[in-house]
Amino acid sequence: MIDLYTWITDNGYKGRQALEESGLPYKLHPVNLPKREQFDPEFLKISPGHKIPVIVDPEGPGGQRITLCESGAILKYVGEKAGNGLYPADPVARIKVDQWLFYGSATFTTLAQQFGHFVVRSKEDVPAAKKHFTDLLKDMLGVLDRHLADNEYVAGAYSVADISMYPDIHLHGINQIGLDAHPNVKRWHDAIAARPQVKKAWEPFAT
Ligand SMILES: N[C@@H](CCC(=O)N[C@@H](CS)C(=O)NCC(=O)O)C(=O)O
């Protein structure tokens with residue numbers, strides 16, 4: 001049974017979506033970020049950078065217990081372990097999944113988080129930062145829209161690369177920017193949103 005330490009944030013939903021899609025048994029452990037539970041010394045042992053998500057798999061490679069933070073690495077690990085094509089076995093297909101998985105983790109979410117900070121959550125009004133990160137998010141949505149005009153999912157077939165970008169698009173693309181100018185992203189978003197595994201992953205935490 002994999003343990004998932006997570007919260008109701010973009011990266012947190014990536015871990016939940018991957019595990020729901022994997023079909024692997026897992027247990028959810030909420031880490032309440034507003035209460036700063038990510039700084040608990042026990043949690044820091046598995047997440048040195050005080051960030052969710054984290055997984056602990058007592059049955060990792062060779063039967064060894066592994067702990068893993070960084071959502072991109074988690075998506076790859078879970079997808080590979082699931083063996084259901086989320087992270088494809090074919091080396092050529094993997095290259096494309098890696099490209100978009102790294103884009104999603106390193107570029108898309110990192111910049112979308114700054115949008116979330118300055119445009120959605122910050123109590124301080126910083127117009128230059130708001131404009132900067134709004135322009136960047138719109139540019140990235142344009143990049144994806146052009147790519148998705150010729151591709152059903154970002155790396156061809158549905159994969160962890162899609163999961164790496166879905167939560168930020170679900171949160172910010174839908175709510176703050178709107179997807180009217182990005183019909184291919186809208187088509188992609190709605191197809192993913194309709195998946196039962198995704199609906200389950202976005203259910204509120206059981207208390
Ligand atoms: N690069 C990391 C970023 C993870 C991240 O930003 N996590 C945020 C929530 S979305 C967090 O745990 N923040 C708490 C903190 O920094 O103290 C990943 O992809 O997992």
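1. The domain assignment of the protein chain (bounds from an automatic or database assignment) gives domain 1 as residues 2-86 and domain 2 as 91-196. Their C-alpha centres lie 21 Å apart. This is a predicted model: local features need pLDDT of at least 70, side-chain atom pairs count only at pLDDT 80 or more, and totals for chains, interfaces and linings use all residues. Residues are numbered from 1 along each chain as its sequence is written.

2. Between the domains, 13 residues of domain 1 are in contact (C-beta atoms, placed from the backbone, within 7 Å) with 15 residues of domain 2. On the domain 1 side, α1 and α3 are the elements that give two or more residues (helices are DSSP runs of H or I, at least four residues, numbered from the N terminus). The largest share there, six residues, comes from α1. By class, that side has four nonpolar, six polar and three charged residues.

3. The ligand has 13 residues around it (C-beta atom, placed from the backbone, within 6 Å), of which T9, N11, K51, I52 and S71 come nearest. Here too α1 and α3 are the elements that give two or more residues, and α1 gives the most, with three. This shell has two nonpolar, eight polar and three charged residues.

4. Helix α4 (residues 91-121) has a kink of about 40°, centred on G104; the bend is the angle between axes fitted to the seven residues ending at a residue and the seven starting there. G104 is also among the buried residues of α4, which include W100, F108 and F115 (buried: 20 or more other C-beta atoms within 10 Å of the residue's own, placed from the backbone). The cover over the buried residues of α4 includes α1, α3, α5, α6 and α7.

Note on methods. A residue is buried if 20 or more other C-beta atoms lie within 10 Å of its own, exposed if 12 or fewer, and partly exposed in between; C-beta atoms are placed from the backbone. Two residues are in contact if their C-beta atoms, placed from the backbone, lie within 7 Å. Ala, Val, Leu, Ile, Met, Phe, Trp, Tyr, Cys and Pro count as nonpolar, Asp, Glu, Lys and Arg as charged, and the others, Gly among them, as polar.
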